[in-house]
Amino acid sequence: MVDVSAKPETQREAVAEAAVSMNPTTLKMIVEGKHHKGDVFATARIAGIQAAKRTWELIPLCHPLMLSKVEVTLRADEQNNRVVIQALCRLNGKTGVEMEALTAASVAALTIYDMCKAVQKDIVIGNVRLLEKRGGKSSDYTAVDHD
């Protein structure tokens, strides 16, 4: 791991996203709450939050972090037959939270796949990316096509 002991503590925040593409009937089932396993969005939200908190156990060389906020939002994009997931992570610390946000979005997407795989096998997870990063020594970052 990188030694961050000499770095000052600053507020750091990152936002990541992922998209889960599926058939319109699968998306409708999720949105209408008719999935036999229960509330897909609520389950994926909790999975994403848990993943952010445990990123250091999943990704080698990541620091264990005391996150002060993790927020996972899921939105049905019925026009494109997909669920768009955004994960925000924040803390006051010596290292960034990009990996925590990316892990949260990814695991939320995987949870949707897991819950829906019996209904549709060809669900596609994609567009996992960092949207924003603030704080720390390096400059802030905003994805070019992020509003």
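**Close-up 1. The second largest pocket and its lining.** The second largest pocket is lined by E17, A18, A19, T73, L74, R75, R82, V84, Q86, N127 and R129. This is a predicted model, and the volume here comes out at about 150 Å³. Sort the lining residues of this pocket by type and you get 4 nonpolar, 3 polar and 4 charged. Strands do plenty of the work: β1 (10–21), β2 (69–77), β3 (82–93) and β4 (124–134) each give at least two residues to the lining.

**Close-up 2. Lining residues that face each other across strands.** Two pairs from that pocket lining turn up again as partners in the sheet. A19 sits opposite V84 in β3, and both residues belong to the lining of the second largest pocket. T73 has Q86 in β3 as its bridge partner, and these two are also on the lining list.

**Close-up 3. The sheet, strand by strand.** Strands of a sheet pair through backbone hydrogen bonds, either parallel or antiparallel. Here the pairing is antiparallel, with 5 strands making an open sheet in the order β2-β3-β1-β4-β5. At the edges are β2 and β5 (141–142), each of which pairs on one side only. As for bridge counts, β1 and β3 share 12, β2 and β3 are joined by 9, and β1 and β4 by 8. Over on the β4 side, look for A14 standing opposite K133.

**Close-up 4. The β2–β3 hairpin.** What links β2 and β3? They form a hairpin, with 4 residues between them. Check the turn for N81, which has a positive phi of about 50°.

**Close-up 5. The largest pocket.** Rolling a probe the size of a water molecule over the atoms shows where empty space is left. The largest pocket holds about 180 Å³ of space. Which of its 13 lining residues are the closest to the centre? They are L61, C62, H63, T95 and G96. Taken together, the lining of the largest pocket divides into 7 nonpolar, 3 polar and 3 charged residues.

**Close-up 6. A nonpolar patch on the surface.** Three residues, L110, I125 and V128, make a nonpolar surface patch of about 230 Å². L110 comes from helix α4 (residues 98–116), while I125 and V128 fall within the β4 range, 124–134.

Definitions and conventions: Residues numbered from 1 in each chain as written. Predicted model: local features only at pLDDT ≥ 70, side-chain atom pairs only at ≥ 80, totals over all residues. Heavy atoms only, no water. Patch = residues over 30% accessible without salt bridge, like charges linked within 9 Å, V, L, I, M, F, W, Y side chains within 5 Å. Areas by Shrake-Rupley, 256 points an atom, 1.4 Å probe, with all protein chains shown as cover. Salt bridge = Lys/Arg side-chain N within 4 Å of Asp/Glu carboxyl O. 1 Å grid on protein atoms, 1.4 Å probe; cavity = no way out; pocket = protein on both sides within 12 Å on 5 of 7 lines; lining within 4 Å. Points joined across faces, edges and corners; volume = space filled by probe spheres on them. Nonpolar A, V, L, I, M, F, W, Y, C, P; charged D, E, K, R; others polar. Pairing = 2+ DSSP bridges.
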